[in-house]
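Colleague: I would like to understand the labels used for this model. Could you take me through the reasoning?

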Amino acid sequence: MLIPTIPIGIRAFMPSSLVQSHAAEQFSAEQTTTEQPVTFEQPALQRVSRQLEKAPAKEIVRWALDAYASQICVGTSFTDTVLVHLVTSVDPDVEVLFLDTGFHFSETLQTMKAAQARYRLNLNVVRPPSDAPDLWSAGSEACCAARKVDGLRHAMADNGYQAWFSGLRRADSEQRSKTPIVGTDSRGVVKVNPLANWSDQDVADYVAANDLVVNPLLAQGYSSVGCWPCTEAHDDGGRGGRWAGTAKTECGLHLD
Ligand code: SF4
């Protein structure tokens, strides 16, 4: 399977081992001398992911920003601002997407405003159409599809994004335990997960070291924060409070 094209600048900031790896992908001379995008096959992407496995998160961010230039954005739920801070500390202009489902806690919207003011974010708040189905009328799958998945898909298509940064961590849940550093989802979109191998302690340390804005709900027993109708306080360090009591564990943004 071919994934979307990646700008050619991909090699400029790569460790020499990765440059060698890409050389093995046999880019043509024509492809490597201009800003023409090149096609990057899935095995090469998997190889890059493995080679970035032990790289510091900021190095992963630099790789992705160089690879995708203006064709990458950041997705955030504003549970905390670790990913946003990490990426914007490298590129302050990168667009930050927030999917405002219409059902967020007021604390989450406060966190968004505080982060925007503090970090001067290039923030794009994506809202669903006024007639989008909700979970009471259509069920949670349709609600998440309309208010999250479609919003991301449209925002990425409208802006020509080929990739996005996600804050997925393997420590989040069993379903996320095999999260790659770089991967693609079922839609063929490239997802870069610089925090994939961070522990809860790594997150706490980064928040403390940088005095980051965090969602006040974290101090009220919520270890993961989503929409208020679908999130309960659940201080397990994971996602146990999301869609609690149901079989649902993901909204659809991260299903591969
Ligand atoms: S998490 Fe709940 S309220 Fe939010 S979009 Fe999904 S179903 Fe709707």
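**Labels and their reasons**

Modeller: By class, eight nonpolar, three polar and two charged residues form the shell around the ligand. Nonpolar covers Ala, Val, Leu, Ile, Met, Phe, Trp, Tyr, Cys and Pro; charged covers Asp, Glu, Lys and Arg; the others, Gly among them, are polar. This is a predicted model: local features need pLDDT of at least 70, side-chain atom pairs count only at pLDDT 80 or more, and totals for chains, interfaces and linings use all residues. Residues are numbered from 1 along each chain as its sequence is written.

Colleague: What makes a residue part of the shell around the ligand?

Modeller: Its C-beta atom, placed from the backbone, must lie within 6 Å of the molecule. Here 13 residues surround the ligand. The closest are Ser-140, Cys-143, Cys-144, Cys-227 and Cys-230. Helix α7 (residues 140-159) gives the largest share, five residues. Helices are DSSP runs of H or I with at least four residues, strands are runs of E with at least two, and both are numbered from the N terminus.

Colleague: Why is Phe-78 called buried?

Modeller: Buried means 20 or more other C-beta atoms within 10 Å of a residue's own; exposed means 12 or fewer; partly exposed is in between; C-beta atoms are placed from the backbone. Phe-78 has 25 such neighbours inside 10 Å, so it counts as buried. Phe-78 sits in the loop between β1 and α4 (82-88).

Colleague: And why is Ala-69 called partly exposed?

Modeller: Ala-69 has 17 other C-beta atoms within 10 Å, so the label is partly exposed. Ala-69 lies in the loop between α3 (57-68) and β1 (72-76).

Colleague: What is noted about the phi of Ala-69?

Modeller: Most residues other than glycine have a negative phi. Ala-69 is not a glycine, yet its phi is positive, about 50 degrees. Phe-78 is not a glycine either, and its phi is about 55 degrees.

Colleague: How do you know that β1 is largely enclosed?

Modeller: Five of the five residues of β1 are buried, so the rest of the structure largely encloses β1. Both faces are covered: Ile-72, Val-74 and Thr-76 on one side, Cys-73 and Gly-75 on the other.

Colleague: What makes β1 and β2 (residues 95-99) a pair?

Modeller: Two strands pair if DSSP finds at least two bridges between them. β1 and β2 have three, in the parallel sense, so they pair. Gly-75 stands opposite Leu-97 in β2. β1 also pairs in the parallel sense with β4 (residues 163-165), over three bridges. There, Phe-165 is the bridge partner of Val-74.
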